[in-house]
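Please read these points with the structure open beside you, and look up each residue as it is named. The remarks begin with a single side chain and widen from there.

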Amino acid sequence: MVVLAASIVTKTGKALVSRQYVDMSRIRIEGLLAAFPKLIGSGRQHTYVETENVRYVYQPLDTLHLLVVTNKSSNILEDLDILRILAKIVPDYAQSLDEEGITKAAFDLLFAFDEVISLGHKENVTLQQVRQNTEMESHEEKLYKMIIQSKRQEAIQNMKQKAQEIDRAKLESAKAGRGMPTYAPSPSMGSRAVDLDNTPTYMSQAPTAFSTGRPTDGAKPAKKGMQLGKAKKANDFLDSLRAEGEVMNVEAAPAAVGAVAPMVVPSEPVSIVVDEKLMVVLNKDGGVESMEVNGGMALQVLNEEDSRLKVNISAGQNSGFQMKTHPNIDKGLYSSQSVLGLKDPQKPFPAGSPLGILKWRMQTTDEGMVPLLINCWPSASGGESYVNIEYESTTDFDLQNVAIAIPLPALAASPKVNQVDGDWRYDARKSIMLWSIDIIDDSNRTGSLEFVVPNTRPESFFPVTVNFNATKTLCQVEVADVISLETGNPIKYSLRTQLQTDGYEVV
């Protein structure tokens, strides 16, 4: 048995994709494909047709034909088996079964065809193996990228630490009534910044100026910061990564020639981050199988002179939440006055790095605590499956970037959407229906989506996965103010609050 070619043609015989597996001129393959529409009649029920030299085994794909051309001595059963596998591959790689969709996925289809047919003979592979081979995932490549990412993060972290050291030196000079000292390269420092295990050194692109984010009296602006290296060697590390195809994303934007590139440092003396992760498993028949909330509050002090402080918080009832403070935090002061301060008021908070001062956890199966309820109702009618899915927000704050993913069986065409609140997109490669809502607020606390697909089992539409974020947390914890223990005056602070999903499903 020898397969001469595997092709996708229009009803007029125009070749959209064709892969030849024997030496064959272009004129001959075009002639064979052009003759195919003339050989099949309008009322034929067969899936093959023969001429004096070749056999056509075909299957209609909407307005197209999937065609396998073989010699007449081939095994018709094996030909039909090849056709069956290729018919599953085409809708898996092409977003739509029309001329435009096939043309866009032409190269992916050719690679997939080669996994099924080798030198004209059928390979014993499954659809899953074809996907795995064409994706070409490499463990070594992933490991290499992880190493590069680790080195990049280490370089950025060292750069931030150096910026903080220069910032502290500038503040100390300001207290003494002097300007920022100018550093010159010395034999001990040289022009090298950070050694990354024999990789090219990472240096700043230009002399960098650092701002403390607060005014200082009597301090003169420094004319020149620390020069870490020459401009010629500044981007060795970044260029080597870009040459290997890595996408660089550093916090400091590239500066113009002769300009000063500012380092991104905290703008306020104190920075507070409130972060909360939400894990929910809903039952498709109703109810909550599990819900877990994990959150925390982290404090970062920029300067040592502001490190003796306390944080006044206002908390709600928070029924069901278990609150824990850092071992160095005065638990009695927190319980009686809702104040986060160190056990020894004379000791300062560590400056320069974030410190977790409070964390909380909550587990429940109470449906009233779930911020976003999802109901999915698949039903069959007349050879089709109608899927109705709706959401209901029970929170008093807004949910942002809401994305709901519904798994679907392999389809030959996109689902038919009858009604949608928001936007939708069909991912043919992953066979997923993506429903997105930019923001859920008081104007759209409820919404629904209805679409139609060919009849399939209701279990095929689960699990439904949900992702969203918010700028408020389920645990009612807010920062009232930050007070200096030395002066008793409020300290300026920045606050960032975020709620994110970390596993939100309907099963």
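1. Arg-26 is exposed, its relative accessible area being 66%, and in this predicted model its side chain meets that of Glu-30 in a salt bridge, with 2.8 Å from N to O. Glu-30, for its part, is partly exposed, at a relative accessible area of 42%. The two residues are four apart in helix 1, which covers residues 26–39, so they are separated by about one helical turn. As a general point for a first reading, side chains of opposite charge can pair when their charged atoms come close.

2. A second pair to examine lies in helix 2, where the side chains of Arg-84 and Asp-81 form a salt bridge at 2.5 Å, N to O. Here the spacing is three residues, and Arg-84 and Asp-81 are therefore also separated by about one helical turn. Arg-84 counts as partly exposed, with a relative accessibility of 42%, and Asp-81 is likewise partly exposed, with a relative accessible area of 23%; since the buried class is reserved for values under 20%, the label given to Asp-81 follows from its 23%.

3. Helix 3, made of residues 99–104, holds both Glu-100 and Lys-104, which are four residues apart, or about one turn of the helix. These two form a salt bridge in which the closest N and O atoms are 3.3 Å apart, and both Glu-100 and Lys-104 are exposed. Elsewhere, salt bridges with shared partners link Glu-50, Arg-55 and Asp-79 into one network. The count of salt bridges comes to 13.

4. How do helix 2 and helix 5 cross, and at roughly what angle? The axes of helix 2 (residues 76–93) and helix 5 (residues 127–135) come within 10 Å of each other and cross at roughly 45°. An angle counts as roughly parallel when it is under 35 degrees and as roughly perpendicular from 65 to 115, and helix 2 and helix 5 are therefore described as oblique to each other. Their crossing is right-handed.

5. It is worth finding the residues that make up this contact. On the side of helix 2 they are Lys-88, Ile-89, Asp-92 and Tyr-93, and these meet Leu-127, Val-130, Arg-131 and Thr-134 of helix 5. Sorted by class, the contact between helix 2 and helix 5 has four nonpolar residues, one polar residue and three charged residues.

6. Where does Asp-344 lie? Asp-344 sits in the loop that runs between strand 12 (339–340) and strand 13 (355–364), and with a relative accessible area of 32% it is partly exposed. Asp-344 and Ile-329 are 15 residues apart in sequence, while their C-alpha atoms are 8.7 Å apart in space.

7. Finally, a few totals place these details in the whole chain. The protein has eight helices and 23 strands, and of its 507 residues 38% are buried. Among contacts with a separation of 6 or more, 70% are between residues that are 24 or more positions apart.

Terms used. Residues numbered from 1 in each chain as written. Predicted model: local features only at pLDDT ≥ 70, side-chain atom pairs only at ≥ 80, totals over all residues. Heavy atoms only, no water. Axes fitted to C-alpha atoms, helices over the stretch in contact; angles between N-to-C directions. Parallel < 35°, antiparallel > 145°, perpendicular 65-115°, else oblique. Left-handed = near helix turned anticlockwise from the far one by under 90°. Contact = heavy atoms within 4.5 Å. Nonpolar A, V, L, I, M, F, W, Y, C, P; charged D, E, K, R; others polar. Salt bridge = Lys/Arg side-chain N within 4 Å of Asp/Glu carboxyl O. Buried < 20%, exposed > 50% of the residue type's maximum accessible area, 1.4 Å probe, protein only.
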